[in-house]
Amino acid sequence: MDFFTSTQFLMIVSTAIGILMVLFIGFTLLKIFLGNPLLVGCSRFFLENSDRKARFGLVGTVFQSGNYLNVVLTMFLRKLFTVLWSLLLLIPGLVKSYSYSMIPYILAENPSISRRRAFEISRKMMDGQKLNAFFLDLSFIGWIILSTLTCGVLDIFYVVPYRQATWAEFYKVNRQQALQNGTATPEELQGFPFY
């Protein structure tokens, strides 16, 4: 009887582990193929919204741009490289996450830009700006704590949009410097035409 109970227990545990693995893989694929393109679309929305009232439909522009696979692959590699650097220790991963932080904005402006060039421009844009970006993130700590106290409600309606709008402005300053010092060309960082 003890053997039968142990076998049942092992079957339940292995089934639970299998379900958790399927859920993990499913959520990971959802993040890669849906979440990352939406992040680039949100970046475009906030970039355009800083100059004029932007349409909410801009969030889905990656799906209509014809460059969906380029965006998905570039964003996947951004996350993969950050995770691999993080395996060395926390500090190299943090430094690389800030080095690659401009990639969603670069792709929002030019979804057809090559992966290598997007990484290169982002790294050069963030040279000397990583500490500023860290302090920018640190400035939101009070809002994050307050959002935790409201079970994330404040996060949805205020903190995340406020943080995204702030990062879009941070990108625009770095973009202007990159265009002035020749890090990127106006063809690579096209901006958004008024329509």
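What follows is a friendly exchange about the side-chain pairings and surface of this predicted model.

Because the model is predicted, local features need pLDDT of at least 70 and side-chain atom pairs count only at pLDDT 80 or more, while totals for chains, interfaces and linings use all residues. Residues are numbered from 1 along each chain as its sequence is written, and side-chain values use heavy atoms, with hydrogens and water left out.

Reader: How many aromatic pairs does a search of the whole structure find?
Author: Rings of Phe, Tyr and Trp (its six-membered ring) pair if their centres lie within 6.5 Å; planes under 30 degrees apart are stacked, over 60 edge-to-face, and the rest tilted. With that rule, the search of the whole structure gives 13 aromatic pairs.

Reader: Are the rings of F140 and Y162 stacked, tilted or edge-to-face?
Author: The centres of F140 and Y162 are 5.4 Å apart. Their planes stand at 70°, so the pair is edge-to-face.

Reader: Which parts does the pair of F140 and Y162 tie together?
Author: Helices here are DSSP runs (H or I, at least four residues), numbered from the N terminus. The two residues are 22 apart in sequence. F140 and Y162 tie together the loop between α7 (130–138) and α8 (141–149) and helix α9 (residues 153–180).

Reader: Is F140 buried or exposed?
Author: Buried means under 20% relative accessible area, exposed over 50%, and partly exposed in between (1.4 Å probe, protein chains only). The relative accessible area of F140 is 2%, so F140 is buried.

Reader: Which residues form one aromatic cluster?
Author: Two of the members are the pair just described, F140 and Y162. The full cluster is F140, W143, Y158 and Y162.

Reader: Which element gives the most to the nonpolar patch on the surface?
Author: A patch is made of residues with over 30% relative accessible area and no salt bridge, where like charges are joined within 9 Å and nonpolar side chains (Val, Leu, Ile, Met, Phe, Trp, Tyr) within 5 Å. This patch has about 1,100 Å² of accessible area together, and its residues include W143, I156, Y158 and Y162. The elements giving two or more residues are α8 and α9. With six residues, the one that gives the most is α8.

Reader: How many salt bridges are there?
Author: A salt bridge is a side-chain nitrogen of Lys or Arg within 4 Å of a carboxyl oxygen of Asp or Glu. By this rule the count is nine.

Reader: How many residues apart in sequence are the parts that R117 and E188 tie together?
Author: The side chains of R117 and E188 meet in a salt bridge at 2.5 Å, N to O. R117 lies in helix α6 (residues 115–126) and E188 in the segment after α9, so the distance along the sequence is 71 residues.

Reader: Which residues do salt bridges that share partners join into one network?
Author: R117 is buried at 17% relative accessible area, and E188 is buried at 16%. Both belong to the network, which is R117, E120, K124 and E188.

Reader: How far from R78 is the nearest side chain of opposite charge?
Author: Lys and Arg count as positive and Asp and Glu as negative, with His and the chain ends not counted. R78 lies in helix α3 (residues 68–88) and is buried yet has no salt bridge. The nearest side chain of opposite charge is D137, at 9.2 Å.

Reader: With which residue does D137 form a salt bridge?
Author: The closest N and O atoms of this bridge are 2.6 Å apart. D137 lies in helix α7 and its partner in helix α9, so the pair ties together parts that are 26 residues apart in sequence. The partner is R163.

Methods
Areas by Shrake-Rupley, 256 points an atom, 1.4 Å probe, with all protein chains shown as cover.
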